[in-house]
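Visitor: I would like a close look at one part of this protein. Please take the salt bridges, and set them in the context of the whole chain.

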Amino acid sequence: MSLADYLAKNYLTADSKPEKKTKKRKRKDASQAGLIIADDDALGWGTKATDADDDDAPVNVHAGSAEFRKTKKNNWQTIGAPAPSSADQATADAIIASAAAETSARDRAAEDEAPTIADTGLKMESGAHAGLQTADQVAAQLHRKQAAERHRFATDSAAHSGQGTETIYRDASGRIINVAMKRAEARKQAEEEAVKTAAQIEAQKGDVQRAERERRKDALKEAKYLPVARYADDVAMNEEMKERERWDDPAAKFLTAKKMGRSVTGKPLYAGAFTPNRYGIRPGHRWDGVDRGNGFEK
């Protein structure tokens, strides 16, 4: 079949009938006008389109062809199968589901009918037996091992799997380290360090400051038993104010002076006269009476 016949049969683009020599020139020009289907790869030096002997040559499609204008038939062709309806789709889905069920049933039957190999005790790490075997036998053994592992993982208890158990620590020699004992020892060492640090800080303080702190604690304990209001005739308050020493008090000589034999810390004090200071501290009993200050207190 030539190209012209193929195009005339399928696309209604048959070549126009040959014109007689008696036709007018105007009609020849009109027959030559139209769409030319040419190859895009043509470089221009190939065979001419007017060569009637070449079947692969481009064909002139006459835009004003009478046959093309008179046709009433739709020549479009559907490529591929038409879209199925809902009933056809449901039927196809049912057929696919049944085929899948049959395939799975066939696979299970093949697993049940798999050849059984006598357990010789020699197994590889993959679970297959050692020795000469077929591919089906090896596949069945691997599948059996995987199924057994999945079942064991699903049914194992927390104690057997080790979930939730305490971590075991070991030293460089491999001995087990008791974590609770190590924590208790670390806690005890930290407490000892805290006590030692507190003792060092306390040792840096003076004896008078410590005695004063204890006195304030005792005063706070006794304060909860005192009345809310204290008047001028309060005996405890008057005694406290009388015992307070003031070096510039002119009436101090009229008061009965108490003998200050010992200090707050219990150490003996100097019994003679001394130059007062801004802290009110009396000299110790070993003082020789010589003022070695720079005169700042005066």
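Guide: Start with the order of elements. Along the sequence, the protein chain runs α-α-β-β-α-α-α-α-β-β-α-α-α. That gives nine helices and four strands. Keep in mind that this is a predicted model.

Next, the overall exposure. The protein chain has 298 residues, and 6% of them count as buried. Its exposed surface is about 26,800 Å², with 55% supplied by carbon and sulfur atoms. As for contacts between residues at least 6 apart in sequence, 26% join residues at least 24 apart.

Now the salt bridges. The count is six. Three of them are described here, including one between two helices.

Glutamate 202 pairs with arginine 213, and their closest N and O atoms are 2.6 Å apart. Glutamate 202 sits in helix H7 (residues 179-203), while arginine 213 sits in helix H8 (residues 207-223). The two are 11 residues apart, and the pair links distant parts of the chain. How accessible are these partners? Glutamate 202 has a relative accessible area of 22%, so it is partly exposed. Arginine 213 is at 26% and therefore counts as partly exposed too.

Stay in helix H8 for another bridge. Glutamate 212 meets arginine 215, with closest N and O atoms 2.3 Å apart. Both residues lie in H8, three residues apart, or about one turn of the helix. Glutamate 212 is partly exposed at 31% relative accessibility. Arginine 215 is partly exposed as well, at 45%.

Move on to arginine 292 and aspartate 288. Their side chains form a salt bridge at 2.8 Å, N to O. Arginine 292 has 61% relative accessibility, so it counts as exposed. Aspartate 288 is partly exposed, at 48%.

An aromatic contact belongs in the picture as well. The whole structure holds one aromatic pair. Tyrosine 270 and tryptophan 287 meet edge-to-face, 5.1 Å centre to centre, with 75 degrees between the planes. Both residues lie in the segment after helix H9 (235-243), so the pair ties together parts that are 17 residues apart in sequence. Tryptophan 287 is partly exposed, at 26% relative accessibility.

For a buried residue, turn to glutamine 137. It is found in helix H5 (residues 135-155). Its relative accessible area is 18%; the cut-off for buried is under 20%, so glutamine 137 counts as buried. The side chain of glutamine 137 reaches the backbone nitrogen of threonine 134 at 3.3 Å.

Methods
Residues numbered from 1 in each chain as written. Predicted model: local features only at pLDDT ≥ 70, side-chain atom pairs only at ≥ 80, totals over all residues. Heavy atoms only, no water. Buried < 20%, exposed > 50% of the residue type's maximum accessible area, 1.4 Å probe, protein only. Contact = heavy atoms within 4.5 Å. Areas by Shrake-Rupley, 256 points an atom, 1.4 Å probe, with all protein chains shown as cover. Phe/Tyr/Trp six-rings, centres within 6.5 Å; stacked < 30°, edge-to-face > 60°. Polar contact = N/O pair within 3.5 Å; in protein donor to acceptor, adjacent residues only side chain to side chain. Salt bridge = Lys/Arg side-chain N within 4 Å of Asp/Glu carboxyl O.
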